[in-house]
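The following exercises are to be worked with the sequence and the structure at hand. Each task is followed by a solution in steps.

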Amino acid sequence: MSKVNLLKTLYNLLTTLNDAKKIKVEEKLVSVGAAYNVFADDVKVGEIRGRYVNATGDIFTLTDLDGNVVKSEKQIKRWG
């Protein structure tokens with residue numbers, strides 16, 4: 001996929017999520033690691049997958065239905 005098409009795809013997903021009246025995240029029942037389906041107005045638009053990296057934090061990645069990464073974020077563990 002060209003960079004222009006990828007940017008259009010990602011823009012469309014973010015616009016769909018932004019314009020949705022209802023956003024729902026459901027945990028997948030069968031998966032390796034943390035995995036969630038993302039719905040906008042009851043239509044599946046993407047997935048969130050979590051990777052347990054180490055004791056300092058985990059990485060969660062939002063992808064569109066084609067597997068293109070929209071956003072990836074590291075969650076830092078807080079001890080205390």
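**Exercise 1.** Determine which residue pairs with lysine 24 in a salt bridge, and where the two partners lie in the chain.

*Solution.* In this predicted model, the side chains of lysine 24 and aspartate 42 meet in a salt bridge, with 3.7 Å from N to O. This falls within the 4 Å cut-off for such a pair. Lysine 24 belongs to strand 1, whereas aspartate 42 sits in the loop between strand 2 and strand 3; the pair therefore links distant parts of the chain, 18 residues apart. Lysine 24 has a relative accessibility of 30% and so counts as partly exposed.

**Exercise 2.** Identify the salt bridge between aspartate 42 and a lysine in the loop between helix 1 and strand 1, and state what the pair ties together.

*Solution.* Aspartate 42 also forms a salt bridge with lysine 22, and the closest N and O atoms are 3.0 Å apart. Lysine 22 lies in the loop between helix 1 and strand 1 (23–27), and aspartate 42 in the loop between strand 2 (34–40) and strand 3 (43–54), so this contact ties together parts that are 20 residues apart in sequence. Next, consider accessibility: aspartate 42, at 48%, is partly exposed, and lysine 22, at 40%, is likewise partly exposed.

**Exercise 3.** Is glutamate 47, a partner of arginine 49, buried or exposed? Then place the salt bridges in their wider setting.

*Solution.* Arginine 49 and glutamate 47 form a salt bridge in which the closest N and O atoms are 3.7 Å apart. Glutamate 47 has a relative accessibility of 17% and therefore counts as buried, since the cut-off is under 20%. Arginine 49, with a relative accessible area of 38%, is partly exposed. Elsewhere, salt bridges with shared partners join Lys22, Lys24, Glu26 and Asp42 into one network. The count of salt bridges comes to six.

**Exercise 4.** Check the span of helix 1, then describe its buried side and the face turned away from that side.

*Solution.* Helix 1 (residues 3–19) has 17 residues, which at 1.5 Å a residue should span 24 Å; the end C-alpha atoms are 24 Å apart, in agreement. The buried residues of helix 1 are Leu10, Leu13 and Leu17. They cover an arc of only 60° around the axis, which puts them on the same side of helix 1. An α-helix has 3.6 residues a turn, so residues three or four places apart point the same way. The face turned away from the buried side of helix 1 carries the exposed residues Val4, Leu7, Tyr11, Asn18 and Asp19.

Technical notes. Residues numbered from 1 in each chain as written. Predicted model: local features only at pLDDT ≥ 70, side-chain atom pairs only at ≥ 80, totals over all residues. Heavy atoms only, no water. Helix = DSSP H or I, 4+ residues; strand = E, 2+ residues; numbered from the N terminus. Expected span 1.5 Å × (residues − 1). Buried < 20%, exposed > 50% of the residue type's maximum accessible area, 1.4 Å probe, protein only. Arc of directions from axis to C-beta.
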